[in-house]
Amino acid sequence: MGREGFFITLEGGDGSGKTTVLGRVAAYLQNRSMPYLITREPGGIEIAEKIRSIILDPAHTAMDARTEALLYAASRSQHLAEVVEPALKEGLTVLCDRFVDSSLVYQGYARGLGIDEVWAINRFAIGNRMPDLTFYLDVDPEVGLARIAANQEREVNRLDLESLAFHQMVREGYQLVVKAYPERIVVLDANRPIHMVEQDIVRILEERVLKGF
């Protein structure tokens with residue numbers, strides 16, 4: 001059996017450009033003939049995608065914060081078992097749009113459930129699996145929401161309907177999580193043009209690839 005693949009996640013507030021950056025990271029790996037898999041949370045596989053549709057349905061504004069946290073953890077557990085773990089065992093680099101940090105931030109901090117409490121739920125869901133590297137795209141909430149409003153092709157989900165104050169809480173939560181995992185999480189200023197963010201990502205990937213992450 002060959003070496004296990006790398007697990008790279010992208011995090012950030014809504015409108016931070018994660019989807020675009022994910023494509024750039026994939027292009028980097030492809031140019032270097034490094035096999036990879038792109039996936040997302042919540043979702044990435046049939047069961048998890050069905051849970052995603054429940055969580056993000058704009059009609060489900062009555063959803064309790066604990067219900068939301070548990071649904072995310074359930075989706076994550078299935079996604080890991082069915083997609084991420086098998087791909088890593090095959091030696092693929094897995095690129096995932098969001099992972100456990102999102103739950104710590106959105107439900108733990110912004111929803112007020114407590115980061116430690118949400119972490120306990122997710123420890124059960126993910127076991128010992130954590131990303132090898134996380135890119136956090138730090139964007140001003142006003143900038144992110146303006147991007148969402150300008151992008152007619154982007155799906156509008158329940159989180160997009162939250163107030164500016166909620167998205168500001170999300171950013172504060174990410175700052176706390178970054179401080180807790182400084183070795184794993186790389187902060188990128190996502191207020192800048194995408195090509196500048198891409199340059200930073202390529203530089204960091206070059207450094208990490210050389211030392212095996």
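User: Buried means under 20% relative accessible area and exposed means over 50%. In this predicted model, does threonine 93 count as buried or exposed?
Analyst: Threonine 93 belongs to strand S3, residues 93–97. Its relative accessibility is 3%, and the cut-off for the lower class is 20%. Threonine 93 therefore counts as buried.

User: Which residues does threonine 93 touch, not counting those up to four places away in sequence?
Analyst: With sequence neighbours up to four places away set aside, the partners of threonine 93 are found at lower residue numbers, starting at Phe6 and ending at Leu37. The full set is Phe6, Ile8, Leu29, Met34, Pro35, Tyr36 and Leu37.

User: From which element does the largest share of the largest nonpolar core come?
Analyst: This core has 21 residues, and those touching the most other members are Val21, Val25, Leu95, Phe135, Leu188, Ile201 and Leu205. At least two residues each come from strand S1 (7–12), helix H1 (18–31), strand S4 (133–138), strand S5 (185–189) and helix H8 (194–210). The largest share is six residues, and the element that supplies them is H1.

User: Leaving aside neighbours within four places in sequence, with which residues is valine 25 in contact?
Analyst: Valine 25 is one of the residues that touch the most other members of the 21-residue core. Beyond four places in sequence, the contacts of valine 25 are Leu95, Ile201 and Leu205.

User: How many residues are in the other core that lies apart from it?
Analyst: Ala69, Val105, Tyr136 and Phe166 are among the members of this separate core. Its residue count is 15.

User: Is H3 roughly parallel or roughly antiparallel to H5?
Analyst: Helix H3 (residues 65–89) and helix H5 (residues 115–126) have axes that come within 8 Å and cross at roughly 20°. Angles under 35 degrees count as roughly parallel. H3 is therefore, relative to H5, roughly parallel.

User: How do the residues of the contact of H3 with H5 divide into nonpolar, polar and charged?
Analyst: The crossing of these two helices is right-handed. H3 contributes Ala69, Leu70, Ala73, Arg76, Ser77 and Leu80, while H5 contributes Ile121, Asn122, Ala125 and Ile126. By class, the contact of H3 with H5 has seven nonpolar, two polar and one charged.

User: Are H2 and H3 roughly parallel or roughly antiparallel to each other?
Analyst: The axes of helix H2 (residues 46–56) and H3 are 9 Å apart, and the packing angle is about 160°. An angle over 145 degrees falls in the antiparallel class. H2 and H3 are therefore roughly antiparallel.

User: How many nonpolar, polar and charged residues are in the contact of H2 with H3?
Analyst: H2 passes H3 in a left-handed crossing. From H2 come Ile47, Ala48, Ile51, Ile54, Ile55 and Leu56, which meet Glu68, Leu71, Tyr72, Ala74, Ser75 and Gln78 of H3. The contact divides into nine nonpolar, two polar and one charged.

User: What orientation do H6 and H7 have to each other?
Analyst: Helix H6 (residues 141–150) packs on helix H7 (residues 164–180) at about 120°, with axes 9 Å apart. The perpendicular class runs from 65 to 115 degrees and the antiparallel class starts over 145, so an angle between those classes is oblique. The orientation of H6 and H7 is therefore oblique.

User: Which residues of H6 and H7 make the contact?
Analyst: H6 passes H7 in a right-handed crossing. The H6 side of the contact is Pro141, Glu142 and Leu145, and the H7 side is Leu164, His167, Gln168 and Arg171.

User: How far apart in space are alanine 110 and arginine 171, C-alpha to C-alpha?
Analyst: Alanine 110 lies in helix H4, residues 100–110, and at 15% relative accessibility it counts as buried. Leaving aside neighbours within four places, alanine 110 contacts Val105, Phe166, Met169 and Val170. Alanine 110 and arginine 171 are 61 residues apart in sequence, and their C-alpha to C-alpha distance is 8.8 Å.

User: What is omega for the cis peptide bond from glutamate 41 to proline 42?
Analyst: Proline 42 sits in the loop between strand S2 (36–40) and H2. The bond from glutamate 41 to proline 42 is cis, with omega near -15°.

User: Does arginine 98 count as buried or exposed?
Analyst: Arginine 98 is in the loop between S3 and H4, and its phi is positive, near 80°. Serine 33, in the loop between H1 and S2, also has a positive phi, near 55°, and at 66% relative accessibility serine 33 counts as exposed. For arginine 98 the relative accessibility is 13%, so arginine 98 counts as buried.

Technical notes:
Residues are numbered from 1 along each chain as its sequence is written. This is a predicted model: local features need pLDDT of at least 70, side-chain atom pairs count only at pLDDT 80 or more; totals for chains, interfaces and linings use all residues. Side-chain values use heavy atoms; hydrogens and water are left out. Axes are lines fitted to C-alpha atoms, for helices over the stretch in contact, and angles run from 0 to 180 degrees between N-to-C directions. Helices (H or I, at least four residues) and strands (E, at least two) are DSSP runs, numbered from the N terminus. A crossing is left-handed if the near helix is turned anticlockwise from the far one by less than a right angle, and right-handed if clockwise. Contact means heavy atoms within 4.5 Å. Ala, Val, Leu, Ile, Met, Phe, Trp, Tyr, Cys and Pro count as nonpolar, Asp, Glu, Lys and Arg as charged, and the others, Gly among them, as polar. A nonpolar core is a set of buried Ala, Val, Leu, Ile, Met, Phe, Trp, Tyr and Cys residues joined through side-chain atoms within 4.5 Å. Buried means under 20% relative accessible area, exposed over 50%, partly exposed in between (1.4 Å probe, protein chains only).
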